Amino acid sequence: SNNKSDLQSNNGVFVYCNKALQGNNFSVSLSGLEAETMYYYSAFVYVNDKEFKFGGIESFTTKEKGTLIGEWECVNAVLKHDDDPSGGEDSPEKGQIWVFADNELTVDGKAYTYQLSGSKLTTNYAELYNSKYFKVDNLTKKNMTLSVSYIDETKVGNTTITVIMYFDRITK
């Protein structure tokens, strides 16, 4: 909850770990959280099908809210093949400047339309990668990470290629 008193009265939203517990470690995934917001949580167990036991109340703050509007420099770009996921080679996107206006993305002097919705940056520029969108892996006021995957058809077979681009904001 974003209200500590909810947890103090055991009225927060319950999120369950659906995986087998390994030692004392477990994890849960959360979605739909507000940016730049402090949330409180408490681990709990259900004992003998009759009683909850709660741990101490802890907190975390979600990342700052980012916006695309402005100039971004691709400071690193890596190309990975699915047959060698640990590797990665430099990709030519490194050094590109992407300029986002209200509904327009400009890359290398060419303008493209775009729409940001959740973790998808839908743009006709992604068609160069045989995709409809870039996945937004990270977006803050200062940094952005985008990725796009496509199938490379060769005489030997198909391989999935993923391009991961790391951006730093130049201007707002």
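Q: Buried means under 20% relative accessible area, exposed means over 50%, and partly exposed lies in between, with a 1.4 Å probe and protein chains only. By this scale, why is Asp108 called exposed?
A: The relative accessibility of Asp108 is 59%. The cut-off for exposed is over 50%, so Asp108 belongs to that class. This is a predicted model, in which local features need pLDDT of at least 70 and side-chain atom pairs count only at pLDDT 80 or more, while totals for chains, interfaces and linings use all residues. Residues are numbered from 1 along each chain as its sequence is written, and side-chain values use heavy atoms, with hydrogens and water left out.

Q: Where does Asp108 lie, and what is noted about its phi?
A: Asp108 is in the loop between S8 and S9; strands (E, at least two residues) and helices (H or I, at least four) are DSSP runs numbered from the N terminus. Its phi is positive, about 50°, although Asp108 is not a glycine. Most residues other than glycine have a negative phi.

Q: Which loop holds Asn48, and what makes this residue exposed?
A: Asn48 sits between strand S2 (44–47) and strand S3 (51–54). Its relative accessibility is 63%, and the class begins over 50%; therefore Asn48 counts as exposed. Asn48 also has a positive phi, near 55°.

Q: How do you know that Lys53 and Glu51 form a salt bridge?
A: A salt bridge is a side-chain nitrogen of Lys or Arg within 4 Å of a carboxyl oxygen of Asp or Glu. The closest N and O atoms of Lys53 and Glu51 are 3.6 Å apart, so the pair meets the rule. Lys53, at 42% relative accessibility, and Glu51, at 36%, are both partly exposed, because these values lie between the two cut-offs.

Q: What makes Lys135 and Asp137 a salt bridge, and how many are counted by this rule?
A: The closest N and O atoms of Lys135 and Asp137 are 2.8 Å apart, so this pair satisfies the 4 Å limit. The count comes to two salt bridges.

Q: Why is Glu93 said to have no salt bridge?
A: The nearest side chain of opposite charge, Lys94, is 11 Å away; Lys and Arg count as positive and Asp and Glu as negative, whereas His and the chain ends are not counted. A salt bridge requires 4 Å, so Glu93 has none. Glu93 is nevertheless buried, in the loop between strand S6 (84–90) and strand S7 (97–100). Not counting residues up to four places away in sequence, Glu93 touches Cys74, Ala77, Tyr129, Val163 and Met165, where contact means heavy atoms within 4.5 Å.

Q: What makes Phe26 eligible for a nonpolar surface patch?
A: Patch residues have over 30% relative accessible area and no salt bridge; like charges are joined within 9 Å, and nonpolar side chains (Val, Leu, Ile, Met, Phe, Trp, Tyr) within 5 Å. Phe26 has a relative accessible area of 46%, so its accessibility passes the patch cut-off. The patch also includes Val13, Val15, Val28, Leu30 and Leu33, with about 530 Å² of accessible area together, computed by the Shrake-Rupley method with only the protein chains shown as cover.

Q: Which residues touch the most other members of the largest nonpolar core?
A: Among its 26 residues, they are Trp98, Phe100, Phe134, Leu146 and Met165. Such a core joins buried Ala, Val, Leu, Ile, Met, Phe, Trp, Tyr and Cys residues through side-chain atoms within 4.5 Å.

Definitions and conventions. Areas by Shrake-Rupley, 256 points an atom, 1.4 Å probe, with all protein chains shown as cover.
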